[in-house]
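Open your viewer, set the backbone to cartoon, and keep the selection box handy. We will go from one stop to the next, and at each stop I will tell you what to select and what is there.

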Amino acid sequence: GGKAVKEWKEKAAKAVETAREWKDKADKAAEEVNEWKDKGPKAIKQAAEANNRAKAAETTAKEWKEKGSKAVEAARRKVAALEASLTDAETRAGKATERAKQLELAQEQQVQHLR
């Protein structure tokens, strides 16, 4: 459980990082467009491409984050279920121990009666 959550978190972090990188590239490309308007179409095309990639990377980052959150939530539920079953087992063990003590007492009393 924990391993999967860790992996999702790492993937989400990487995706966020990639999104940032593409955003920087898009910003730089946009600056270049402003600086070199006379260079025209090519720079504009590059800026648009970088911008699209940045958007795609951001979408991916969001998707990984959501998957990560779901994985974390699932892991939490598993832990809660385990804790509940442990508590249940402890309760049962406690009851069984109580019964055993009562039986022992009852047997001792019977033995004393026979004497």
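## A salt bridge to start

Select K23 and D27 and show their side chains: the two meet in a salt bridge, with 4.0 Å from N to O. The term salt bridge is used here for a side-chain nitrogen of Lys or Arg within 4 Å of a carboxyl oxygen of Asp or Glu. Both K23 and D27 belong to helix α1 (residues 2-35), where they sit four residues apart, about one turn of the helix. Helices here are DSSP runs of H or I with at least four residues, strands are runs of E with at least two, and numbering goes from the N terminus.

How exposed is K23? K23 has 42% relative accessibility and counts as partly exposed. D27 is partly exposed too, at 38%. For these labels, buried means under 20% relative accessible area, exposed means over 50%, and partly exposed is in between (1.4 Å probe, protein chains only).

Before moving on, please note that this is a predicted model, in which local features need pLDDT of at least 70, side-chain atom pairs count only at pLDDT 80 or more, and totals for chains, interfaces and linings use all residues. Residues are numbered from 1 along each chain as its sequence is written, and side-chain values use heavy atoms, with hydrogens and water left out.

## Zoom out

Now show the whole chain. The protein has two helices and zero strands. Turn the view along the principal axes, and the C-alpha atoms fill a box of roughly 115 × 15 × 10 Å. The radius of gyration is 32 Å, while a compact globule of 115 residues would have one near 13 Å. That radius is taken over C-alpha atoms, and the globule rule is 2.2 Å times the number of residues to the power 0.38.

Switch on the surface. About 9,700 Å² of the protein is accessible, and 54% of that belongs to carbon and sulfur atoms; the areas come from the Shrake-Rupley method with a 1.4 Å probe, and for residues only the protein chains shown count as cover. Of the 115 residues, 15% count as buried.

Next, color by charge. The protein carries 27 positive and 21 negative charges, and their mean positions are 3 Å apart. Lys and Arg count as positive and Asp and Glu as negative, leaving out His and the chain ends; each charge is placed at NZ of Lys, CZ of Arg, CG of Asp or CD of Glu.

## Along the second helix

How many salt bridges are there by this rule? The count comes to four, and you have already visited the one between K23 and D27.

Select R53 and E49 for another: their closest N and O atoms are 3.3 Å apart. These two are four residues apart in helix α2 (residues 41-114), separated by about one helical turn. R53 is partly exposed at 39%, and E49 is partly exposed at 40%.

Then go to R92 and D88, a salt bridge whose closest N and O atoms are 2.8 Å apart. Both lie in helix α2, again four residues apart, about one turn of the helix. R92 counts as exposed, at 58% relative accessibility, whereas D88 is partly exposed at 35%.

## Where the chain meets itself

Select V5, found in helix α1. Is V5 buried or exposed? V5 is buried, with a relative accessible area of 12%. Leaving aside residues up to four places away in sequence, V5 touches A71, V72 and A75; contact means heavy atoms within 4.5 Å. Across the protein, 85% of contacts between residues at least 6 apart in sequence join residues at least 24 apart.

Beside V5 in the sequence, select A4, also in helix α1 and partly exposed at 35%. A4 and V72 are 68 residues apart in sequence, yet their C-alpha atoms are 8.6 Å apart in space.

Draw two more C-alpha distances to finish. From V5 to E108, 103 residues along the chain, the separation is 55 Å. From E31 to A43, 12 residues apart in sequence, you should get 9.8 Å. E31 lies in helix α1 and is partly exposed, with a relative accessible area of 48%.
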